[in-house]
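Visitor: Please take a close look at one part of this protein, residue by residue. I would like the surroundings of that part as well, and how the whole chain is laid out.

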Amino acid sequence: MKLLFTTVLFVLTLHFTFGQPPSFSKKTIAASRISQSIKIDGKLDELAWSSANFASDFVQNTPNPGKVANQRSEVWVLYDNTAMYVGARLLDASPDSILREMTERDNIGNTDWFAVVIDAYRDGNNGVGFGVTASGIQYDTKFSASAGSGGFGGVLYSGDESWDAVWDSEVNFTSDGWVVEMKIPYSAIRFPNVENQIWNVNFVREVRRKREISYWNEVNPNVAGYLNQSGTMEGISNVQSPVRLSATPYFSVYAENYFDKNGNPKSTWGRSINGGMDIKYGINDAFTLDATLIPDFGQVRSDNQVLNLSPFEVRFDENRQFFTEGTELFNKGGLFYSRRVGGRPLHYSDVYNDLADNEEVVDNPTESQLINATKVSGRTNSGLGIGVFNAISSKSEATVKNIETGAVRKVQTSPLTNYNITVLDQNLPHNSYVSLINTNVLRQGDDYEANVTGTRFLLRNKAQSYAFNGKAVLSQKYFPGFTDLGHSYFGEISKTSGKIQWALGYNVESYDYDPNDLGFIFSPNERSIQGEWRYNKNEPFGRYIEGHLTLNGFYGRLQKPNVFNDFGFGLDGWLLTKNRMAYGMFTYLEPVETYDYFEPRTSDYSRYYLFPTNRNIGGFLSTDYRKKLALDLNWNFRKFDEDGRYRFNLTIAPRFRASDRLSFYLEIGSYNWKNDVGYVTTRDNGQIIFGRRDNITVENVLNTTYIFSNKMSLSFRLRHYWAKAEYSHLYLLQENGKLNSTDFNDFSDDSFNAFTVDAVYRWRFAPGSDIFLVWKNNTENFSATKGEIQYSYQDGLQRLREFPQRNSFSVRVIYYLDYLNLKRN
């Protein structure tokens, strides 16, 4: 291993020393200062527009990288003491054919669009983007060093698309194309405190019917990075970052119904009224404080609950806006999983384990109440990013009732808890960086406390063609009288530009590494080597626009004891045709028996299950989204070298655009694990019981959206999930990892049935201000008793109406108050 790293560092040094920068040059545009006012109406009829310099000569990123754009674009930039103004005249030889589907804010649909990308600190690692579609829908995002070079429409989702700034825009159609006019206040941009501003900028446009994305300054898909391929904007001078102070108070009203046809009473109603506030304050030109006081997340989209038979925790998406917006700095190093904050109480499950025979749990909150959360983040002129996050959740208690006497008692499930993150992130030359991250969890009382400290770095050579990235982390858990220490480190060298790219990495997670109090890891105790080789063809060939081929491999051992546990390798590739149909296939082989030390659920990893050799093959198909009806299809088939054991998964997802306002998206998933083998239980005598089971899952999700205008929308999401585990045989896990017969015959089947509805009406009645009307329905049933299990999807669907359900109806009003606007008024 030392020889491997010596070789890696030697090769890296050579390329960092002799690497040459890409051959493209940066374009330059000068912004013009104005004294007259600009009306944002999409007409560009003020004199200032016609007298300013403009940017043109856009270059394709796709489908023909490096070629001149087929439609001409002209962009002007003006500024005054309060804002930057962008005007774009987007010529089109067929203006009647411009696509203009309407979507919700921050979504790009089947429509033309235009955007400006700004990297005010010129570090290549941090930037913002402001875009407008042909239907007038705004979208904005923050970019980071992870953004690729595939075009704004693609890398939009590599950044922080949940970030919402308050800015103004209008579009207008003409006889020769369409026009975009933007006003971006300086309060939406962080920039250095210097007299003469020089920013990296780029302008990007998509002609959707041609799927042609072009940039003012060429963005080469074969060159790593995105912001580093921007042009330069000069001319802005003597402007100051304004007082950035805003408050967004909210008021919400809930009516909630719990219905149980077998209950007494069958239906109960509850109501609540909530209020709170989000505050945003610009401490100086670069640093911002965000705080949420008495937050209310009752309208957040329902989680996708599943039947989890694995030894690992389920990771849920974060849908709370405060924890998705402006958190890119805190996500450095992957040590922050925001669902821990205000998440499931620490001792939630202990309540059920400690019940007396005559007791039952009548109330056990699944989430801790968040009192407040604050984050301060920004970046100095020297490129040092600083972030501090702090949140406090209140004590949680469960209610336990004595069935015989009716007496009730309270059981604490989580103490008052403080969560803290501190991040230092230094930009380095060539779009590189090094970060230091610390997470800390303090709990009141006798419960343990946790601290995790880590560093993450990315070093690129001048040519952006090679990179070395890695991290090192120390986890500490403080119990009364002793401390648990764990560690993790990772290093990878990669070729990141060109048609041929590759990566080779080494990862270690110690036996007792545990960042899960504020982070997330499925399992520790790993020592692995992984590598991949990629061939990218980003320019047209034959009937294809682009194609990609990847070969990858993995070798894994436990960290303690140092024993082999996994090995496999695979090949995958995909193609995009000129009529915009994409398809691909993959295969992955595990040619030797592997050792699963996690499925037996032993805390000391002393037992393993001998996992059979197997082969996995799959593929996907995606048709042209420009059509009214499009289809996505994914499938895979995994065959094990055991009689009758296989896994076949199929997902079919049609999408139908009834009009530019109304769209439907249906996803149908069928997951069939036949004769699968897994853990069942551990007996009192220490015997570990495994079972052979049919694990079948069906999941259907329907999304419908109707857009009234660029400020008003109605969305509807329905999800039905059904899963069963039906056992045919039970076995004793032997010391050699194989299975043998057992006298254990307890009933072990189970099923899970979940139905949720999330319907949201949103009206943006003023800048940054919204009214939400929300209906949420939730029906769930987990069954592990004979006679109650739903063994078929049809049975699960029919019996939904028998289960208790919760309905929530709410109104939420959010009003944006900006200090500068109040001062002017």
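**Charges, fold and a close look at one loop**

Guide: The protein carries 86 positive and 93 negative side chains, and the centres of these two sets are 5 Å apart. The model is predicted. I will give the overall layout briefly, then turn to the loop between β33 and β34, and then to other places along the chain.

The secondary structure consists of seven helices and 45 strands. The C-alpha trace spans about 90 × 65 × 55 Å along its principal axes. The radius of gyration is 28 Å, which agrees with the value near 28 Å that a compact globule of 825 residues would have. Of the 825 residues, 51% are buried. The exposed surface comes to about 37000 Å², with 54% of it supplied by carbon and sulfur atoms. When contacts between residues at least 6 apart in sequence are considered, 63% of them join residues at least 24 apart.

Now the loop. It runs between β33 (594-596) and β34 (609-611), and Tyr 605 is placed in it. Glu 599 is found in this loop too. Glu 599 has a relative accessible area of 10%, and it counts as buried because the limit for that class is under 20%. Leaving out neighbours within four places in sequence, Glu 599 is in contact with Leu 309, Pro 311, Gly 678, Tyr 679, Phe 690 and Arg 693. Tyr 605 has a relative accessible area of 11% and is likewise buried. The backbone at Tyr 605 has a phi near 55 degrees, a positive value in a residue that is not glycine.

A positive phi also appears at Arg 580, where the angle is near 65 degrees and the residue is again not glycine. Arg 580 sits in the loop between β31 and β32 (582-590). With 8% relative accessible area, Arg 580 is buried.

Strand β31 (564-577) also bounds another loop, the one that begins after β30 (544-557) and contains Pro 561. The peptide bond leading from Lys 560 to Pro 561 is cis, with omega near -5 degrees. A further cis peptide bond runs from Thr 62 to Pro 63, with omega near 10 degrees. Pro 63 belongs to the loop between β4 (59-62) and β5 (73-79).

Strand β38 covers residues 662-682, and Tyr 671 is one of its residues. Two of the contacts of Glu 599, Gly 678 and Tyr 679, have numbers that fall within that range. Tyr 671 has 25% relative accessibility and therefore counts as partly exposed. Its contacts, apart from neighbours within four places in sequence, are Phe 648, Asn 649, Thr 651, Asn 695, Ile 696, Thr 697 and Glu 699. With Thr 651 there is a polar contact of 3.4 Å between the two side chains. Glu 699 is 28 residues from Tyr 671 in sequence, and their C-alpha atoms are 8.5 Å apart.

Two strand residues from elsewhere in the chain can be set beside these. Lys 280 is in strand β16 (residues 267-282). At 31% relative accessibility Lys 280 is partly exposed. Not counting residues up to four places away in sequence, Lys 280 touches Arg 244, Leu 245, Ser 246, Thr 288, Leu 289, Asp 290 and Glu 325. Its side chain makes a polar contact of 2.4 Å with the side chain of Asp 290. Lys 280 and Gln 369 are 89 residues apart in sequence, and the C-alpha to C-alpha distance is 22 Å.

Ser 377 lies in strand β19 (residues 370-379). Ser 377 is buried, at 8% relative accessibility. Beyond its neighbours within four places in sequence, Ser 377 is in contact with Arg 190, Ala 286, Phe 287, Thr 288, Leu 329, Phe 330, Ile 386 and Gly 387. Thr 288 is listed among the contacts of Lys 280 and among those of Ser 377.

To return to the loop between β33 and β34: Glu 599 is buried at 10% and Tyr 605 is buried at 11%. The positive phi belongs to Tyr 605, and the contacts given for the loop are those of Glu 599, including Leu 309 and Arg 693.

Methods:
Residues are numbered from 1 along each chain as its sequence is written. This is a predicted model: local features need pLDDT of at least 70, side-chain atom pairs count only at pLDDT 80 or more; totals for chains, interfaces and linings use all residues. Side-chain values use heavy atoms; hydrogens and water are left out. Helices (H or I, at least four residues) and strands (E, at least two) are DSSP runs, numbered from the N terminus. The radius of gyration is taken over C-alpha atoms; the globule rule is 2.2 Å times the number of residues to the power 0.38. Buried means under 20% relative accessible area, exposed over 50%, partly exposed in between (1.4 Å probe, protein chains only). Contact means heavy atoms within 4.5 Å. Accessible areas come from the Shrake-Rupley method with a 1.4 Å probe; for residues, only the protein chains shown count as cover. Lys and Arg count as positive and Asp and Glu as negative; His and the chain ends are not counted. The place of a charge is taken as NZ of Lys, CZ of Arg, CG of Asp or CD of Glu. A polar contact is a pair of N or O atoms within 3.5 Å; within protein, one must be able to donate a hydrogen and the other to accept it, and residues adjacent in sequence count only if both atoms are side-chain atoms.
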